[in-house]
Amino acid sequence: MFAKAKTTTGIGSITGNIIDKTSGLPIYGATISIPDLKVGTSTDEKGSYLLKQLPEGEYLMQVSAIGYASVTKVVNLSNTYSVDFKLSASNYELSDVVVTALGNTTTKKRAPIPISVVTHNMILQGVANTAVDLIASQPGISETTEGAGTTKPQINGLGFDRVLTLMDGVPQEDFQWGDDHGLLVDPYGVYDAEIIRGPASLQYGASAEAGVISFKSEPLPENGTVQGSVLTEYHTNNGFLGTSLHVAGNHNGFVWALTASGEEAHSYSDPKDGYVWGTAWNQTNTRLILGINKSWGYSRLTLSALHRRIEVPDGNRDSTGRFMFDSPQNGKIYPTRSDFLSYSADIAGDKVLDEYQAWWQNSINIGKGRIGLDVGFTRSIHHDIDTGSVGSGNLLVNDIPYSLKYQIAGENSGLKLTTGINGIYEFQNNGAAPPEPYIADYEIPNYTNFEIGGYVVLEKNFKNLTLSGGVRFDRTDFVGDPMSLNSAGNIVPPGTPGSDVQFTGFNNKYTGPSGSIGASYQLPDNNYVKLNISKSYRAPAINELTSNGLNIGSNAVQLGNLNLKAEQGYQIDFAYGYDGKDVSVEADGFYNHISNFIFADRTDSVSQGYPVYRYVSSNTAIITGVSGYLNIHPAAARWLEIDNGFTYVYSHIPNASDSTSHLPWIPAPHLTSEIKLRLNDAHNSIIKGTYFKFGVQHDWAQNNIYSALYTEVPSAQYTLFNAGIGTNFVNRKTGRVICSFFANCTNLTNVAYADHLNLAQYFLSYNGTPVTVTKQNQGIYNMGRNISFKLVFPFGGATGKLSSTE
């Protein structure tokens, strides 16, 4: 990279040219972005770019282009700058990308904790039903599922409340503890993503004990531009239909963006079960961003409304294995083909999930530093539907997340300070009981939860060495209201004669420190190493403390424990990487020791025919593992790329019996490998950026399980084959993309398999009577062969350039 900087006239602007380092020719469609400001642009046919009307201050800028290695540079926007770049040819675009998930912007190589980056190109070229599907193939990442539309993320074998998910910085507190509905993030609203694979409690608090998943929307366009895209998608297996409209503009620093999307799917099929009853779902989402960029900083307001209706499979069948209704529907006992192919998702046992968000983000320049002030409001509504539209369980959770931080960095000194406070105030109320003969289901009480934490992080950059460390202290206050029910299941005042106590009042307080110290070192010949030691802390979640009833989505009765202790963890992460012109490789190993580990332990009791689980925290958990990738991208064969990823996680509970010596729900070791072949672009062709890809995923058997009382059963190994193709149709005269086309086939050979984290494999009942699963093939299998088709039509501004698609 070659960069030159010179002061000219104006404030808060940056311009320059981007050329090929070898040929000296301009690079058309290269992307220039400033992640901290969430703004970007792309080069014209002369390789020139311009960003103006930007806040003053020092920011990390990233330049990337298809077929070139990404580069980064710190720029000072106190004046107009001219910065030119020479890019080196490379098929590996993640060579040196900017990451922001750590709270203080840095690059992927210099971050002391392993970070995965999922680019926009990777999202466009992939196939997904949910936002978690977008990232699940990354090393160290897994997902628990209960059908194609119900997914939750795992990092290094830990999930649910131990993984913090952000959407443009907003914490997703949408019943994160539940496993019977997916994360309420719209996949079409995600432009790219970053995953911290390790404790990030220092910056984010207790919910980031395992790591952070940071989803981000599309960067806002350059000044004087209106641009957008229309997307449409179809999947053959479950009839998935998806459409999305995105449009954004920038007028003299006034920025705005609108995204509206809808998805729906009927029941999916697999080779063993045929169509699986209870796996249909639909969703709509609207997201609006309004903001201003000024010399003093920026201010943005994001408003979002998401509605999801999702069926919950329970595996109810007759003695022959044929799926049945839980109760007769319109005189029918069995679903017909038209029921399986219905998109309505309104059978007995389904859920309605709504989430409304308002998120106000501000950055104000103060001297050589800047203050960030973010505050929001989120309302999550959860209806368990007993039949038709009558809810048997109704939860309304309100969250007020907040963050105040101060950052100052010196380009010359290499020292960066980040300090502040953040947390959340949450209050939950149970909705009204349904009319007779339906009985309300109260799983958790009315409660309030206030979390606050203060932290300080220091980072020092030397020529080849980066040191980073800090400390944090958190406090969590839970206050729960008492609740009593009469014989009809209605709420009555505590102490009412003949009533039963559903919840006792409680006031639990938890405090704990967390900290981290780490380093990354850039060795000669493109080698680098990372080492990080961290102390994590997590207070119990509300369901772990208070659950008292049937979780129909889990087919289990769950009992909380008000005496749970906070988890205390210590983790060591070590990584080695090499980023050469032909090969890029990284291997990450970790050791995690967690005291007072909380999980739902199955008892030998049965209630309403369902197994009873009670939360305990008397165990020590040790989790170790290794993950990594190997990307082969020969400089002499730019038409070829081979990408490989590997994940292995092992868990151990010391001094436990054989059947209880491993933690439940640890993913099986798995390997992914993909070969991508690119065609050379013919001169004056209307087709450009064409590729073919062939992939394989192998999951080994998982026999290291928590087998007591059939909490888990061993999973068998399986191998899946995948294939895909993509291309761009362009205007011959201008080179602008008219349309991008992507097609993928997953599970090409239609294998009948059950992933170890497919919780629906435990759903089995006969004529409505729950049955204990003792073998993997008794429950519900994962989706069979699926072919997807995706079309993207960019319009306006600079979005038609090849920076947006490959």
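**View 1. E194 and K216 meet in a salt bridge.** In this predicted model, the side chains of E194 and K216 come together at 2.6 Å, N to O. A salt bridge here is a side-chain nitrogen of Lys or Arg within 4 Å of a carboxyl oxygen of Asp or Glu. E194 sits in strand β17 and K216 in strand β18, so the pair ties together parts that are 22 residues apart in sequence. Strands (E, at least two residues) are DSSP runs, numbered from the N terminus. Are these two residues buried or exposed? E194 counts as buried because its relative accessibility is 2%, and K216 is buried too, at 19%. Buried means under 20% relative accessible area, exposed over 50%, and partly exposed in between (1.4 Å probe, protein chains only).

*About the model.* Residues are numbered from 1 along each chain as its sequence is written. Since this is a prediction, local features need pLDDT of at least 70 and side-chain atom pairs count only at pLDDT 80 or more, while totals for chains, interfaces and linings use all residues; side-chain values use heavy atoms, with hydrogens and water left out.

**View 2. D579 and K109 pair up across the sequence.** Their closest N and O atoms are 3.2 Å apart. D579 belongs to strand β40 (residues 567–579), while K109 is in the loop between β10 (106–107) and β11 (115–118), 470 residues away. D579 is buried, with a relative accessible area of 11%, and K109 is buried at 18%.

**View 3. R678 meets E641, and other charges form a network.** The R678–E641 salt bridge has its closest N and O atoms 2.8 Å apart. It links strand β44 (residues 670–678), home of R678, to strand β43 (residues 640–652), home of E641, across 37 residues. Both R678 and E641 are buried. Elsewhere, salt bridges with shared partners join R162, E209, R538, E544 and E567 into one network. How many salt bridges are there by this rule? The count is 20.

**View 4. F215 sits in the largest nonpolar core.** This core has 33 residues, and I135 and F215 have the most contacts inside it. A nonpolar core is a set of buried Ala, Val, Leu, Ile, Met, Phe, Trp, Tyr and Cys residues joined through side-chain atoms within 4.5 Å. Strands β15 (163–167), β17 (192–197), β18 (211–216), β41 (583–607) and β42 (610–632) each chip in at least two residues. The largest share, four residues, comes from β41. Leaving out residues up to four places away in sequence, F215 touches several others, including A131, I135, L166, M167 and L183; a contact means heavy atoms within 4.5 Å.

**View 5. A nonpolar patch lies on the surface.** Its members include F254, W296, W360 and I364, and the whole patch has about 800 Å² of accessible area. Patch residues have over 30% relative accessible area and no salt bridge; like charges are joined within 9 Å, nonpolar side chains (Val, Leu, Ile, Met, Phe, Trp, Tyr) within 5 Å. Accessible areas come from the Shrake-Rupley method with a 1.4 Å probe, and for residues only the protein chains shown count as cover. Strand β27 gives the most, three residues. I364 is in β27 and counts as partly exposed because its relative accessibility is 38%.

**View 6. Confidence varies along the chain.** pLDDT, the predictor's confidence in each residue, runs from 0 to 100, and the protein averages 89. Among the elements, strand β46 (residues 718–730) has the highest mean, 97, and strand β7 (residues 81–82) the lowest, 78. pLDDT stays under 50 over residues 1–10.
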